[in-house]
Amino acid sequence: MPLPEAEVSRAIVLGDTGSVEKIRIWGDQKAPVQDYLGTKSDAELRAEFPALYGRSHTYLALSGGGEDGAFGAGLLTGWTAKGTRPEFTIVTGVSTGALIAPFAFLGSGYDSHLTQIYTEYSLKDLVNRRSVFSILSAASAVDPKPLRDLIARYISSAVVDQIAEQHRRGRQLWIGTTNLDAGRPVLWNIGAIANSADPRRVAVIHDVLLASASVPGAFPPVLINVRADGRTYDELHVDGGTTNQVFLYPAGTDWKYVTQKLRVKGRPELYVIRNASLSPTYQPVQARLIPIAGRSISSLIRTQGIGDLNRIYFSAQRSGIDFNLAFIPPGNNPPPNTVFDLAHMRKMYALGQEQALTGTAWHKTPPGF
């Protein structure tokens with residue numbers, strides 16, 4: 001049953017009671033933690049946020065990009081091999097970045113998972129194709145059951161337990177989806193879900209990761225159960241990249257105030273991995289519906305991603321955060337032969353590794369600044 005509009009603000013998941021430890025928040029309004037911090041003493045904040053209070057902060061934001069997520073996966077494993085990869089205080093992910101984020105959050109011990117996911121699985125391992133006739137009556141072009149099974153295989157109960165352990169230290173893992181009914185970005189506190197006593201916690205994390213990677217039209221929306229006024233309803237969630245290609249914290253949040261309240265040591269560092277090239281590529285388009293629509297959508301995604309990067313850059317400048325951006329260099333990202341083409345993904349993975357090992361990955365400003 002669809003959630004009535006009047007209940008949108010009251011809908012809860014896994015017993016979320018509305019405290020600062022929220023399971024999810026809107027991505028287009030101020031984070032509740034900002035006001036919460038103002039009500040606490042230094043001693044209370046030190047006790048409640050042991051991994052955040054009085055320590056240096058390092059943030060990682062992982063963007064969407066489909067099969068080009070192999071670039072980010074390779075960059076992270078190359079960063080490990082170089083010996084300079086930090087432990088991230090906060091990790092965020094959208095779409096393909098959402099599939100990378102849990103392993104980036106847990107650390108280099110999970111690099112083998114990233115390598116396997118982005119160099120061993122192609123389209124046939126991720127989806128079941130529908131027939132032309134079934135597409136006409138279905139909500140999507142493919143059945144994503146293989147992808148759901150892959151997520152369940154790699155994000156096991158043991159992995160979820162480790163995410164919960166890191167969450168109790170105060171570290172944060174956030175994944176972005178788009179609430180299709182509301183047309184708004186939703187940020188999911190994966191650590192809080194993992195730390196829940198609810199037996200559905202693992203299944204909910206699988207749902208959120210699948211939803212974040214579910215490109216509308218190609219993949220069906222993911223139905224997530226919520227409760228409001230004692231009744232159970234449905235929400236439809238799709239690719240977080242529909243509303244944000246990449247994010248660090250919700251719009252309207254004064255992060256400088258947050259870091260001051262937490263007595264952050266030194267200047268916070270932000271690393272943004274944009275799993276895409278930021279330069280336009282010339283590609284003749286056939287004057288037919290599908291090629292025109294596909295090229296238009298890819299152009300929209302590219303320009304939206306640039307806008308998101310510019311917004312994060314200016315926000316980082318205002319908040320006193322050291323900004324670092326990695327992206328696929330111009331001329332290194334020819335279109336793959338097919339979606340999730342394995343040869344293309346292996347090339348992007350190797351490129352990411354090379355950039356990390358040679359120290360050429362990071363830029364202090366978005367292109368054009």
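Here is a short chat about a predicted model, covering one cavity, one pocket and a pair of helices.

Visitor: How many cavities of 30 Å³ or more are there?

Guide: The count comes to one. Its volume is about 30 Å³.

Visitor: What makes that space a cavity?

Guide: A cavity is a place where a 1.4 Å probe fits but cannot get out. The lining here is made up of Val94, Gly176, Thr177, Pro185, Val186, Leu187, Gly240, Thr243, Asn244 and Phe247.

Visitor: Which strand gives the most to that lining?

Guide: That's β7, with three residues. Both β6 (172-179) and β7 (184-189) supply at least two residues each.

Visitor: What is the split of the cavity lining into nonpolar, polar and charged?

Guide: Five are nonpolar, five are polar and no residue is charged. Gly counts as polar in this scheme, and Gly176 and Gly240 are among the lining residues.

Visitor: On to the helices. Why are α4 and α9 called oblique to each other?

Guide: Start with the angle: the axes of α4 (residues 96-106) and α9 (residues 157-168) cross at roughly 60°. Roughly parallel needs an angle under 35 degrees, and roughly perpendicular runs from 65 to 115. The angle fits neither range, and α4 and α9 are therefore oblique.

Visitor: What is the hand of the crossing, left or right?

Guide: α4 passes α9 in a left-handed crossing.

Visitor: How do you know that the two helices meet?

Guide: Contact means heavy atoms within 4.5 Å. On that test, Pro102, Phe105 and Leu106 in α4 meet Val159, Gln162, Ile163 and Gln166 in α9. By class, this contact has five nonpolar, two polar and no charged residues. The axes themselves come within 10 Å.

Visitor: And the second largest pocket, what makes a space like that a pocket?

Guide: A pocket is an open set of points, with protein on both sides within 12 Å along at least five of seven lines. The second largest pocket holds about 530 Å³ of space. It is lined by 29 residues, and Val33, Phe49, Gln172, Trp174 and Asn189 are the closest to its centre.

Visitor: Which elements give two or more residues to the pocket lining?

Guide: They are α1 (32-37), β3 (90-94), α9, β6, β7 and α12 (255-261). The largest share, three residues, comes from α1.

Visitor: How many of the pocket's lining residues are charged?

Guide: Four are charged, next to 18 nonpolar and seven polar ones.

Conventions. Residues numbered from 1 in each chain as written. Predicted model: local features only at pLDDT ≥ 70, side-chain atom pairs only at ≥ 80, totals over all residues. Heavy atoms only, no water. 1 Å grid on protein atoms, 1.4 Å probe; cavity = no way out; pocket = protein on both sides within 12 Å on 5 of 7 lines; lining within 4 Å. Points joined across faces, edges and corners; volume = space filled by probe spheres on them. Helix = DSSP H or I, 4+ residues; strand = E, 2+ residues; numbered from the N terminus. Axes fitted to C-alpha atoms, helices over the stretch in contact; angles between N-to-C directions. Parallel < 35°, antiparallel > 145°, perpendicular 65-115°, else oblique. Left-handed = near helix turned anticlockwise from the far one by under 90°.
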